[in-house]
Amino acid sequence: MLKLYNTLTRDKEVFRPINKEKVGLYACGPTVYWYAHIGNMRSFIFSDLLHRTLSYNGYEVDFVMNITDVGHLTDDGDDGKDKMIVAMQREGKTAFEIAEFYTNSFFDDIERLNILSANTYPKATDHIEDQIKMIQKIEKNGFAYKTTDGVYFDTFKLKEYGILSGQKAEEKKAGARVDMKEKRNNTDFALWKLSDSESKRQMEWNSPWGKGFPGWHIECSAMSIKYLGQSFDIHTGGIDHVSVHHENELAQSMGANSVYHAQIWMHNEFLTVDNGKMSKSLGNLFTVKDLIDKKYDPIAFRYMVLGAHYRTKLNFTWEALEASENALFRLQDLVRDWDKPGVDTCKELEDEFMDAINNDLDTPKTLAIVWKLIDSDFSSSEKAGTLLKFNSILGLSLENYIAKPLFVSEEVNVLIKQRALVRKEKDWKKSDLIRNQIEKLGYLVEDMEDRQKLIEIRK
Ligand code: AMP
Ligand code: ZN
């Protein structure tokens, strides 16, 4: 029985899909104006984990992740500059070149983190028509109004507004200090923004309201509904999206179709650095490439993320990454000389693992079960079969290590044989000298009861 925490109901619920055969999953993807940082990656590892868990439970998953390439303003609301335009000015490239470059960089990053592909990665700029049609529906149902700079959603007209964040529009208004310009209520948000008549934007489209571009939130409503239907199972994203982006998405879907588009909303907590928000100005915003430049295996970051429950904050430090990498490498090295998986597996531990992952994705517990398996008395072939199953959810690349002994050069093999001989003669000094020679060739030697075990030195 799979249980998931639903932000909408503030409850851990038994997962009951709309359609037993196929689950619809939508995740907010990257805004492609800059390299995605490792906080974003925590969010993508989380949706990947959910994707893998659903598959493990036997569901076919239709997984959609959007690519935001227009409309996301620097303040996440209706103020600030379009992030794509900021990037154009920074790099002297066209908006489409920027989007293409950082979309490719995002795909490289997720591959390095062993994140499985979604079925579809729709781009906002490829779906302008769908967004316009949805705004027209919202307008027809009486939830939209025009101002001189665009079309806005009237949040006070929707009684459900605020249901996701648990804060009513009226309460949000009470705390507001922002300039509303022509907005009726401060929680109202742009569905369509008109281009400034003075200057020509690179990204602008004709619409019934005039030339302009869509607001950021409408893309996720329009594209999730287009690919997954008016009502689908799960929508994910980072916790920062609850009160604005997702609240507004929910409002748009209600305004257009009078139904909730997503039944379950799931949000990952933040990855912090130095216990605070990552920012470029503080010099603590790291990317997957930064990890690689510092010679870390990106999968070690994945291991680190899995070590914390997705609904708890996780503080990134290089020391914590180092510790995660040590644990990961130890795990990978340990399973190399296991026998290949046979028919039998470790059923009790598999049940325990399933209970943990199905309890709202309790990954810290699943990692503890992995180590319990390693230390258990099951045969190595039984362990191998079970660990492969665990790995299909955890995605720690263990398939490349389980029952795959190290392949070393003839030179190393000869040294190992020589060392075995001198050890028989109890010539410990010579044994140590050969150990050093082997180390220089890239391997640590561990003396086991019956043999010498080689461990690759990876950095
Ligand atoms: P963006 O590219 O800004 O649209 O963000 C992509 C995803 O990353 C969204 O789901 C955000 O909520 C999430 N996110 C942003 N910063 C962090 C962070 N520091 N930790 C975890 N998730 C984050
Ligand atoms: Zn979104």
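How far is an oxygen atom of ligand 1 from an N or O atom in the side chain of S43? The distance is 3.3 Å. This is a predicted model, in which local features need pLDDT of at least 70 and side-chain atom pairs count only at pLDDT 80 or more, while totals for chains, interfaces and linings use all residues. Residues are numbered from 1 along each chain as its sequence is written, and side-chain values use heavy atoms, with hydrogens and water left out.

**Ligand 1**

The table lists polar contacts of ligand 1 (pairs of N or O atoms within 3.5 Å).

| Residue | Partner of the ligand oxygen | Distance |
|---|---|---|
| T31 | polar backbone atom | 2.9 Å |
| S43 | side-chain N or O atom | 3.3 Å |
| D240 | side-chain N or O atom | 2.5 Å |

On its own, ligand 1 has 500 Å² of accessible area (Shrake-Rupley method, 1.4 Å probe). The protein covers 92% of this area. Two elements give two or more residues to the shell: α1 (38–56) and β9 (232–238). Helices are DSSP runs of H or I with at least four residues, and strands are runs of E with at least two. α1 gives the most, with 4 residues. The shell divides into 5 nonpolar, 11 polar and 2 charged residues, with Gly counted as polar.

**Zinc ion**

The zinc ion (ligand 2) is coordinated by C28 (SG), C220 (SG) and H245 (NE2), at 2.1 to 2.2 Å. Donors are N, O and S atoms within 2.8 Å of the metal (3.2 Å for Na, K and Ca). Along the chain, their spacing is C-x191-C-x24-H. C28 lies in the loop between β3 (22–27) and α1. C220 belongs to helix α6 (residues 216–228). These two cysteines are 192 residues apart and link distant parts of the chain.

Key:
Chains are lettered from A and ligands numbered from 1 in the order in which they are written. A polar contact is a pair of N or O atoms within 3.5 Å; within protein, one must be able to donate a hydrogen and the other to accept it, and residues adjacent in sequence count only if both atoms are side-chain atoms.
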